[in-house]
Amino acid sequence: MSACIFCRIVAREIPADIVHENDHVLAFRDLRPVAPSHVLVIPKRHIDSVREAETDDVELLGHVMIGARDVAQKLGVAAGGYRVVVNNGDDAGQTVFHLHAHVLAGRSLVWPPG
Ligand code: AMP
């Protein structure tokens, strides 16, 4: 059994509110949403973060971004706009070390982020 909580969601060992899935990515609602729409898009293959990405991971990273696009379309937030955030490492506030893109929408998002 994997120690990675997101790998365990991919393996259906723990539940999640899944909104999108294909061969490459899984997307599910964040447990503690910070926007009316807050979904995490993760690659099914484990990688800790962008920091650890290799050039050969270019397709995996692309699938995460296209997954974010598909999620925004499915949730009906694409036209209004949405933010895609990837936290990398402690200073960025990353808490789960399985790469994930936050898709945030449904309210006006300030810039710069905190
Ligand atoms: P980050 O701080 O960028 O690493 O984001 C991790 C996110 O994962 C946080 O927003 C958490 O609320 C979310 N999270 C942690 N565990 C779960 C889970 N089991 N299901 C859904 N979201 C989770």
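**Exercise 1: H38 and its surroundings**

Work out which strand H38 is found in, whether H38 is buried or exposed, and what H38 touches.

*Solution.* Start with the element: H38 is found in strand β3, where strands (E, at least two residues) and helices (H or I, at least four residues) are DSSP runs numbered from the N terminus. A quick note before going on: this is a predicted model, where local features need pLDDT of at least 70, side-chain atom pairs count only at pLDDT 80 or more, and totals for chains, interfaces and linings use all residues. Residues are numbered from 1 along each chain as its sequence is written, and side-chain values use heavy atoms, with hydrogens and water left out.

Next, accessibility. H38 has a relative accessible area of 5%, so it counts as buried (buried is under 20%, exposed over 50%, partly exposed in between; 1.4 Å probe, protein chains only).

Then the partners. Skipping residues up to four places away in sequence, H38 touches R29, D30, R32, P33, H102, V103 and L104 (contact means heavy atoms within 4.5 Å). Take H102 from that set: H38 and H102 sit 64 residues apart in sequence, yet their C-alpha atoms are 6.7 Å apart.

**Exercise 2: The largest pocket**

Describe the largest pocket: its volume, its lining and the chemistry of that lining.

*Solution.* The idea behind the search is simple: rolling a probe the size of a water molecule over the atoms shows where empty space is left. Here a pocket is an open set of points on a 1 Å grid over the protein atoms alone, where a 1.4 Å probe fits and protein lies on both sides within 12 Å along at least five of seven lines; lining residues have an atom within 4 Å of a point.

Volume comes out at about 730 Å³ for the largest pocket. Its lining has 30 residues, and those nearest the centre are D30, R32, H38, L40 and H102. Two of these names, H38 and H102, are in contact with each other.

Now sort the lining by element. Two or more residues each come from α1 (5-10), β2 (25-29), β3 (37-43), β4 (83-85) and β5 (101-105). The largest share, three residues, belongs to α1.

Last, sort by chemistry: 17 lining residues are nonpolar, seven polar and six charged.

**Exercise 3: The nonpolar cores**

Find how many residues the largest nonpolar core has, which elements feed it, and what V71 touches.

*Solution.* Count first: the largest nonpolar core has 13 residues (a core is a set of buried Ala, Val, Leu, Ile, Met, Phe, Trp, Tyr and Cys residues joined through side-chain atoms within 4.5 Å). V19, A27, V39, V41, V64, V71 and V103 have the most contacts inside it. The elements giving it two or more residues are β2, β3, α2 (58-75) and β5, with the largest share, four residues, coming from α2.

Zoom in on V71: leaving out residues up to four places away in sequence, V71 touches V19, H20, A27, V39, V41 and V103. There is also a second, separate core of nine residues, which includes C4, F6, V10 and I42.

**Exercise 4: Two residues between β3 and α2**

Compare D57 and H46: is each one buried or partly exposed, and what does each one touch?

*Solution.* Both belong to the loop between β3 and α2: D57 is placed there, and H46 is too. D57 is buried, at 8% relative accessible area, whereas H46 is partly exposed, at 33%.

For contacts, again drop neighbours within four places. D57 is in contact with R45, I47 and E52. H46 touches C4, C7, F97 and H98. One more distance for H46: its C-alpha atom and that of L99 are 7.4 Å apart, with their positions 53 residues apart along the chain.

**Exercise 5: Backbone oddities**

Which residues does the cis peptide bond join, and what is the phi of R12?

*Solution.* Check omega first: the bond joining W111 and P112 is cis, with omega about 0°. P112 lies in the segment after β5.

Now phi: R12 has a positive value of about 65°, although it is not a glycine. R12 sits in the loop between α1 and β1 (18-21). Its relative accessibility is 46%, so R12 counts as partly exposed.

**Exercise 6: The whole chain**

In what order do the elements of the protein chain run?

*Solution.* Tally them: there are two helices and five strands. From the N terminus on, the order is α-β-β-β-α-β-β. Of the 114 residues, 38% count as buried.

How values were computed:
Grid points are joined across faces, edges and corners, and a volume is the space filled by probe spheres set on the points. Ala, Val, Leu, Ile, Met, Phe, Trp, Tyr, Cys and Pro count as nonpolar, Asp, Glu, Lys and Arg as charged, and the others, Gly among them, as polar.
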